[in-house]
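Work through the exercises below with the structure open. Try each task before reading its solution.

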Amino acid sequence: MELIKIQKYLHEFHDGSLIDIQHSDQECIFSLESAEMDRADMNDDIPLSERGTIKGKLHLEKVQSILINEIPFHSQLKLVYDYGSIFDFNIRNNVVELQISWRNAPQKPDVNDFSTIVIHANFIWWENIPDLFDPFW
């Protein structure tokens, strides 16, 4: 899917969720879900999930750098805790910024952690997957 289409709806990801992160070498894939939205607000032909959300994978290829809380990160990017709630989501040129509020599932200790992840990549694209599996639903 054209990235330009999904960029119009980045604000809808506030209070959405970071479902998973897959990271290998110079490729990073974020599985994301927006907050519930009114279909009347959708001006493009983007299929929504059964819950009325945009779900899919953001692909970042040829990753040049990763910063977490403004500190260079050189390891394997992964979920820090069980669940990530999206506070802010921006894509500008070849830069993705995700602000994530982290929490654990019940039976694990409560956490209050927040991360700002900034990734520079040569190629960024969106794969819309309305029926993407979310282990917390």
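**Exercise 1. Describe how β1 and β2 are connected and paired.**

Step 1. Look at the connection. β1 and β2 make a hairpin, with 2 residues between the strands.

Step 2. Check the turn. Asp25 sits there with a positive phi of about 45 degrees. The model is predicted.

Step 3. Read the pairing. The two strands run antiparallel and share 7 bridges.

Step 4. Find one pair of facing residues. Asp20 is opposite Ser31, which belongs to β2.

**Exercise 2. Find how β1 is joined to β5.**

Step 1. Count the bridges. There are 2 between β1 and β5.

Step 2. Assign the direction. β1 and β5 are antiparallel.

Step 3. Name a bridge. Leu18 has Gly84 in β5 as its partner.

**Exercise 3. Place Asp82 and list the polar contacts of its side chain.**

Step 1. Locate the residue. Asp82 lies in the loop between β4 (71–72) and β5 (83–92).

Step 2. Classify its exposure. The relative accessible area of Asp82 is 18%. Buried means under 20%, so Asp82 is buried.

Step 3. Look for a backbone partner. A polar atom of the Asp82 side chain lies 2.9 Å from the backbone nitrogen of Ala105.

Step 4. Look for a side-chain partner. The side chains of Asp82 and Lys108 are joined by a polar contact of 2.9 Å.

Step 5. Add a separation along the chain. Asp82 and Val111 are 29 residues apart in sequence, and their C-alpha atoms are separated by 10 Å.

**Exercise 4. Classify two of the aromatic pairs and say which parts of the chain they link.**

Step 1. Take the total. The whole structure holds 4 aromatic pairs.

Step 2. Start with Phe13 and Trp126. Their ring centres are 5.9 Å apart, with 75 degrees between the planes. Planes over 60 degrees apart count as edge-to-face, so this pair is edge-to-face.

Step 3. Place both residues. Phe13 is in the loop between α1 (3–7) and β1 (17–24), and Trp126 is in strand β7 (residues 113–128). The pair therefore ties together parts that are 113 residues apart in sequence.

Step 4. Check burial. Phe13 and Trp126 are both buried.

Step 5. Turn to Phe87 and Phe114. The ring centres lie 5.8 Å apart and the planes meet at 75 degrees, so this pair is edge-to-face.

Step 6. Place this pair. Phe87 in strand β5 and Phe114 in strand β7 are 27 residues apart, so the pair links distant parts of the chain.

Step 7. Check exposure. Phe87 is partly exposed at 46% relative accessibility. Phe114 is partly exposed at 37%.

Step 8. Look for a cluster. Phe13, Phe89 and Trp126 make up one aromatic cluster.

**Exercise 5. Describe the largest nonpolar core.**

Step 1. Count its members. The core has 32 residues.

Step 2. Pick out those with the most contacts inside it. They are Phe30, Leu32, Ile54, Leu58, Leu60, Phe89 and Ile119.

Step 3. List the elements that give two or more residues. They are α1, β1, β2 (27–33), β3 (55–68), β5, β6 (95–103) and β7.

Step 4. Find the leading contributor. β7 gives the most, with 5 residues.

**Exercise 6. Assess the confidence of the prediction.**

Step 1. Take the chain average. The mean pLDDT is 92, and 97% of the residues score at least 70.

Step 2. Compare the elements. α1 has the lowest mean pLDDT, 81, and β4 the highest, 98.

Notes:
Residues are numbered from 1 along each chain as its sequence is written. This is a predicted model: local features need pLDDT of at least 70, side-chain atom pairs count only at pLDDT 80 or more; totals for chains, interfaces and linings use all residues. Side-chain values use heavy atoms; hydrogens and water are left out. Helices (H or I, at least four residues) and strands (E, at least two) are DSSP runs, numbered from the N terminus. Buried means under 20% relative accessible area, exposed over 50%, partly exposed in between (1.4 Å probe, protein chains only). A polar contact is a pair of N or O atoms within 3.5 Å; within protein, one must be able to donate a hydrogen and the other to accept it, and residues adjacent in sequence count only if both atoms are side-chain atoms. Rings of Phe, Tyr and Trp (its six-membered ring) pair if their centres lie within 6.5 Å; planes under 30 degrees apart count as stacked, over 60 as edge-to-face and the rest as tilted. A nonpolar core is a set of buried Ala, Val, Leu, Ile, Met, Phe, Trp, Tyr and Cys residues joined through side-chain atoms within 4.5 Å. Two strands pair if DSSP finds at least two bridges between them. pLDDT is the predictor's confidence in each residue, from 0 to 100.
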